[in-house]
Amino acid sequence: MMHEAIDYDALSWVRQEIDVTLRQTRALLLEYSADKARTDSLQECAELMHQVRGPLQIAELEGADLLAAEMETVIAGLPADDNTVLDRCLDLLLQSMQMLPAYLSRLQSSCDDSPELVLPQVKMLRSLHV
C-alpha cells in the first residue's frame, strides 16, 4: 500500500493551503450572499474552489475531490434571479465547506478514503442543479 502512503503524505503537505483556501472561499461566498452585486466575489470563489481540487486530485482523494467538484459546479451555476434557490445553494455550500475539512481530518487520522461518507452531501448539492 505504498501508493496510499504517498497520497496521504501529499495531503499532509497541502492540507494547510487547502484549509486557508477554503476559508477564503467561504468568506467570498458570504460577501456575495450579503451583496449579490458582488459578482467578482463569486468569480473568485469559483476560482479558489477549483484550486482546492488540484491537490485533492493529485493525492487521489476521491471522496474529497467528489465533494469539492460538486461544490465548484454549484458555485458556477448559482442563480442570480431566484433568492429562494440561491439561499438553499448558499446554505448547502457553507455546510459543504465545513464538511470538507472534517473529511480531510478524518483521512489524516485514519487513512481511509470513503467517498460514500460524502455522497449524501454530494447528492444534496446535485439536487440544486436546475
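Which residues of helix 2 are buried? I listed S41, L42, C45, A46, L48, M49, V52, R53, P55 and L56 as buried in helix 2, where buried means under 20% relative accessible area, exposed over 50% and partly exposed in between, with a 1.4 Å probe and protein chains only.

**Basis.** I worked from a predicted model, in which local features need pLDDT of at least 70 and side-chain atom pairs count only at pLDDT 80 or more, while totals for chains, interfaces and linings use all residues. Residues are numbered from 1 along each chain as its sequence is written, and side-chain values use heavy atoms, with hydrogens and water left out.

**Helix 2 and its end.** I noted that helix 2 covers residues 39-58; helices are DSSP runs (H or I, at least four residues), as are strands (E, at least two), numbered from the N terminus. Its 20 residues reach 30 Å from first C-alpha to last, close to the 28 Å expected at 1.5 Å a residue. That expected span is 1.5 Å times one less than the number of residues. After helix 2 comes E60, in the loop between helix 2 and helix 3 (62-76). I looked up its phi and found a positive value near 55°, in a residue other than glycine. Most residues other than glycine have a negative phi. E60 counts as partly exposed because its relative accessible area is 46%.

**T25.** I placed T25 in helix 1 (residues 2-34). T25 has a relative accessible area of 0%, so T25 is buried. Neighbours within four places in sequence aside, T25 is in contact with C45, L48, M49, I75 and M97; contact means heavy atoms within 4.5 Å. Among the buried residues of helix 2 I had already listed C45, L48 and M49.

**Helix 3 against helix 4.** I found that the two axes come within 10 Å and cross at roughly 160°. Axes are lines fitted to C-alpha atoms, for helices over the stretch in contact, and angles run from 0 to 180 degrees between N-to-C directions. Helix 3 and helix 4 are therefore roughly antiparallel (over 145 degrees; under 35 is roughly parallel, 65 to 115 roughly perpendicular, the rest oblique). From helix 3 the contact takes G63, A64, L67, A68, M71, V74 and I75, and from helix 4 it takes C89, L93, S96, M97, M99, L100, Y103 and L104. I counted 13 nonpolar, two polar and no charged residues there. Ala, Val, Leu, Ile, Met, Phe, Trp, Tyr, Cys and Pro count as nonpolar, Asp, Glu, Lys and Arg as charged, and the others, Gly among them, as polar.

**Helix 4 against helix 5.** Helix 4 (residues 83-110) packs on helix 5 at about 155°, with axes 10 Å apart. I therefore entered this pair as roughly antiparallel. R88, L92, L93, Q95, S96 and M99 of helix 4 meet Q121, M124 and L125 of helix 5. By class, that contact has five nonpolar, three polar and one charged residues.

**L92 and L128.** What does L92 touch, leaving aside neighbours within four places in sequence? I found Q121, M124, L125 and L128. L92 is buried because its relative accessibility is 0%. L128 lies in the segment after helix 5 (119-126). At 11% relative accessibility, L128 also counts as buried. Its contacts, again without neighbours within four places, are V74, R88, C89 and L92.
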